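Hi,

Here is the structure I promised to pass on. Have a look, and then read on for what turned up.

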Amino acid sequence: MADSFPQEAVSRRTLRSEMLLVLALSLGASGVSALISFVGSLTKPGGLKDQAATLNGSYAPGRPWLDLAWQMFGIATALVPVLLVAHLLTRERTGLRAIGFDRTRPWSDLGRGTVVAAVIGSAGIAFYLVARATGFNLTVVPESLPDVWWKYPVLILSAVQNAVVEEVIVLGYLLRRLGQLGWTPMAALVASSVLRGSYHLYQGIGGFLGNVAMGVVFVLLYRRWGRVGPLVAAHALLDIGAFVGYALLAGRVDWLPTP
């Protein structure tokens with residue numbers, strides 16, 4: 001039948017090419033960009049902690065409506081690889097529900113994600129402060145947006161977008177494809193975790209190591225639960241806490257580093 005596209009008809013070569021293209025359009029490219037940025041930071045005079053990495057900055061300073069348009073454009077286009085993954089997974093007649101990214105268990109996903117975010121968030125803040133103090137990390141500036149009405153909604157949307165893109169691609173999709181390509185569970189865990197660390201390398205060695213560790217935890221939880229949903233929720237809550245928390249606390253508390 002015309003609508004029949006069984007998984008068996010897709011060769012390993014096709015699956016491999018598809019996976020590499022998805023990564024080249026998304027987090028793989030981000031990993032290369034982060035590596036180049038890290039080399040630039042290492043070769044710049046001064047230590048890493050004296051340099052800053054801004055996550056959410058203004059695209060059009062002094063022009064809030066144009067800035068908002070660019071912010072929304074950036075968030076929307078970043079989600080296109082997720083739509084591509086959803087399209088590719090329809091060949092298996094499952095779509096994103098194959099990796100547990102659906103609305104079948106919203107409260108369970110949110111509950112589990114909240115617990116994970118609470119545990120990883122507290123440990124992550126401590127690790128970042130130590131890494132920066134010892135010179136292994138840049139000063140991370142989660143946001144430097146102007147004080148306009150759309151600031152906090154954009155920060156929340158940016159956090160959710162990061163969570164969806166990263167967990168759908170580097171966790172659910174990548175692990176599924178690597179398994180179909182015959183990789184061992186350990187090799188797939190290492191690949192997913194190192195990839196996660198790679199596109200955070202622009203923050204410094206601490207950013208890389210901290211996210212590799214987070215990647216290991218997320219892979220183990222994903223395999224236990226069989227769903228990406230809780231990890232998307234956890235990641236979104238972590239980033240919302242970082243972005244909004246920085247906006248509220250920067251310059252008001254002594255323990256939070258600022259440029």
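How much accessible surface does the protein chain have, and what share of it belongs to carbon and sulfur atoms? The total is about 13300 Å², and carbon and sulfur account for 67% of that. Keep in mind that this is a predicted model.

On the fold: the protein chain has nine helices and two strands. Reading from the N terminus, the order is α-α-β-α-α-α-β-α-α-α-α.

As for overall dimensions, the C-alpha trace spans about 65 × 40 × 35 Å along its principal axes. The radius of gyration is 19 Å, which agrees with the value near 18 Å for a compact globule of 259 residues. Of those 259 residues, 46% are buried. If you take contacts between residues at least 6 apart in sequence, 78% of them join residues at least 24 apart.

Charges next: I get 21 positive and 14 negative side chains in the protein chain. The centres of the two sets lie 6 Å apart.

One element to look at is helix 9, which covers residues 229–249. At 1.5 Å a residue, its 21 residues should span 30 Å, and the end C-alpha atoms are 29 Å apart, so the two values agree. Helix 9 is also mostly covered, with 15 of its 21 residues buried. After helix 9 comes Gly 251, which has a positive phi, near 85°.

Shout if you want to go through any of this together.

Cheers

Note on methods. Residues numbered from 1 in each chain as written. Predicted model: local features only at pLDDT ≥ 70, side-chain atom pairs only at ≥ 80, totals over all residues. Heavy atoms only, no water. Helix = DSSP H or I, 4+ residues; strand = E, 2+ residues; numbered from the N terminus. Rg over C-alpha atoms; globule rule 2.2 N^0.38 Å. Buried < 20%, exposed > 50% of the residue type's maximum accessible area, 1.4 Å probe, protein only. Contact = heavy atoms within 4.5 Å. Areas by Shrake-Rupley, 256 points an atom, 1.4 Å probe, with all protein chains shown as cover. Lys, Arg positive; Asp, Glu negative; His and termini not counted. Charge placed at Lys NZ, Arg CZ, Asp CG, Glu CD. Expected span 1.5 Å × (residues − 1).
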